Amino acid sequence: MKNLSLEAQEFVDSAMADTEKQFLLTVINSIPDPLMVIDLDYKVQIMNMAASKNQAFIRNSCIYCHEVSHHPHTSCPDNKKDCPLELVKQSLSPVSIVKEFPLNSKKNRIFEINASPIFNANNELCGIIETSKDITDHLNLEKKVYENNLDLHYLRYHDALTNLPNLSLFSDRLTQSIRKARKYNRQVAVFHLNLDRFKQINDSFGKTQGDKVLSNVAIRLKSILDKSEALARMSADEFLIYSDNINVIDDATIIAQNLFQAFSKPFIINNQPINLTASIGISLFPQDGNNTDELLSKADTALHKAKDESLNSFQFYQKEMTANAFTYVMMESSLTKALQNEEFELFYQPKISLEDRKLCGFEALIRWQHPSLGLITPDQFIPIAEESLLILEIGEWVIKQACKQAKIWSENNLDFNHIAINLSGKQFQDKVLDKKIKKILDDTQCPPEILEFEITESHLIENTSHTIDILNKIKAMGIKISIDDFGTGYSSLSQLNQLPIDTLKIDRSFTLELFKTKNSKAIILSIIALGKAMDINIVAEGIETEEQANFLKNAGCYQGQGYYFFKPLSKDKIHANFYKD
Ligand code: C2E
Ligand code: CA
Ligand code: CA
């Protein structure tokens, strides 16, 4: 046993019996990690099979530790900074270091080396016992686990198919929004959206195509919503949205309408366009619920109501809100398009002389032919147009149309006195209303004296000085002025006196009630008397019977309008009725 240090010699030869030596070999070879006993001269005294990579030996040749571990051909650098033996020599205690070695000329591997001192009988250091462990895979795994952990966290709060937040994250965010809304006295709307008949898509095209559609729905919904609206996929074909940007209920309706936009274009499945619709249930904080769970549950109830009543629709939890909001928003958004799509038309209701029953004029009445809702009467949409000020554009269109028609009829032998045009009170908010009218007269070359503007009595008593000013300007152009629905607004004589009025139109409710209530008759008679006293023309509207027509004529009202004579007629019907040749 050449080159064996005295201590190692003692350790291996003297201190151990052969049987014990055998036992030691068995023990150290069963250790899966490399193990070496190294003396103070860097010579390996003992190493196991894992270290030698073939067989364990107990000092049968002179081999240096660097040859075993990492530098088979060169010794370690002089500084030996990270040499376990050197470190143990300095500290005389166990050390643990991490080192990177090339292994089998492959990529470097990382090892954790643990070295413990070996002392002789005199308690002097005589070597170390060193184990090393390749921790490269472990570190890689740790790194993966770390990264994987992040994924796990993401997955816990997101839907894997669409990458949208899931119910859990949505609920957290909604809870925070409710908290804020409570603090700042705001409203929050929760939308529960469910695809209509989605099962059919899965059944007909398979789950993979179904998943593609769901991903596309998510993309479309996402592109529609702004930051204040959080979107989540709740389960299969159910999505949740909330918005904390709700000031009035219509804001929620507008969002619902926008959500429907996601389904306006078909989805392409197997190169085939497939139309898909959705239903939406809406709940509102604070009126429908005080917390996340309540709002989610109410939105779900509302969704079921929407599905029951009609697919491709939305429902508020409180049903009465739905009808109002739906018509309002439907109308408003379609009204904006109606002008450019030329969906409006003017009808003309003849005004008849009650003495000779001849035509004396027309009242222009707007009609809206909605592409899917059909005919919508002005009572249904004028108030909405007035609220959104769309009435200014619509009103201008009416004036222009009526002027064009008046000019054509006046030049084509139609014997009529005037065409009456209804002016909404809101049109008086237009500072340049008179200038617009003047321009239309110029553009259409319509003679002003064949025009009459009707303005309701109720508007006149609410707004005096500005309205009077505009009416005077209109009157100065040569256009006549008529007060519509007269008798319902209780205007005073002194107010009437200040106005440049040509005509008073007895409201049709009095005509209707003429022989039913004493009051109606008394009011009609006093309006006729007032007209006579002030030299104002009187027209009765809503005449439905000969009896009414006769009574009015005998009472001194010389013009009338009503279904008894004619309903409002299209331009073509006017031609058919009034052109002799
Ligand atoms: P209005 O100015 O009082 O118009 C008369 C309304 O009474 C018309 O309804 C007409 O069809 C209806 N009517 C006429 N004769 C009879 C009758 O004998 N019996 C009954 N029951 N009704 C009769 P319409 O066309 O539905 O218009 C309703 C209201 O809409 C109008 O009331 C007017 O306030 C408004 N409106 C119509 N066209 C316009 C317009 O171009 N601009 C503005 N600002 N408002 C309009
Ligand atoms: Ca009218
Ligand atoms: Ca009227």
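User: Why does Asn422 count as partly exposed?

Analyst: Its relative accessibility in this predicted model is 27%. Buried means under 20% relative accessible area and exposed over 50%, with partly exposed in between (1.4 Å probe, protein chains only). The 27% of Asn422 falls in the middle class, so the residue is partly exposed. The model itself has limits: local features need pLDDT of at least 70, side-chain atom pairs count only at pLDDT 80 or more, and totals for chains, interfaces and linings use all residues. Side-chain values use heavy atoms without hydrogens or water, residues are numbered from 1 along each chain as its sequence is written, and chains are lettered from A and ligands numbered from 1 in the order in which they are written.

User: What makes Asn422 a donor of the calcium ion (ligand 2)?

Analyst: Donors are N, O and S atoms within 2.8 Å of the metal (3.2 Å for Na, K and Ca); water is not among the atoms, so sites may look incomplete. Asn422 gives OD1, and the other protein donors are Glu363 (OE), Glu454 (OE) and Asp484 (OD), at 2.1 to 2.3 Å from the ion. These values lie within the 3.2 Å set for Ca, so the four residues qualify. Along the chain the donors follow the spacing E-x58-N-x31-E-x29-D. Asn422 belongs to strand 17 (residues 418–422) and Glu454 to strand 18 (residues 451–456), so the pair ties together parts 32 residues apart in sequence. Strands (E, at least two residues) and helices (H or I, at least four) are DSSP runs, numbered from the N terminus.

User: Is Glu454 buried or exposed?

Analyst: Glu454 has a relative accessible area of 1%, so it is buried.

User: How do you know which residue bridges the two calcium ions?

Analyst: Asp484 coordinates both the calcium ion (ligand 2) and the calcium ion (ligand 3), which are 4.0 Å apart. For ligand 3, the donors are Asp484 (OD), Asp485 (OD) and Glu541, listed twice with OE, at 2.2 to 2.6 Å. The spacing of these donor residues is D-D-x55-E. Asp485 in strand 19 (residues 480–486) and Glu541 in strand 21 (residues 537–541) link parts of the chain 56 residues apart. Asp485, at 24%, counts as partly exposed, whereas Glu541, at 6%, counts as buried.

User: Why are helix 7 and helix 11 called roughly perpendicular?

Analyst: Helix 7 (residues 167–184) and helix 11 (residues 292–309) pack at about 115 degrees, with axes 9 Å apart. Axes are lines fitted to C-alpha atoms, for helices over the stretch in contact, and angles run from 0 to 180 degrees between N-to-C directions. Under 35 degrees counts as roughly parallel, over 145 as roughly antiparallel, 65 to 115 as roughly perpendicular and the rest as oblique. The pair is therefore roughly perpendicular.

User: Which residues make the contact, and of what classes are they?

Analyst: Leu167, Phe170, Ser171, Leu174, Thr175 and Ile178 of helix 7 meet Thr292, Leu295 and Leu296 of helix 11; contact means heavy atoms within 4.5 Å. Six are nonpolar, three polar and none charged. Ala, Val, Leu, Ile, Met, Phe, Trp, Tyr, Cys and Pro count as nonpolar, Asp, Glu, Lys and Arg as charged, and the others, Gly among them, as polar.

User: Why does Phe344 count as buried?

Analyst: Phe344 has 7% relative accessibility, so it falls in the buried class. Phe344 lies in strand 14 (residues 344–353). Its contacts include Leu335, Ile366, Trp368, Phe381 and Trp397, not counting residues up to four places away in sequence.
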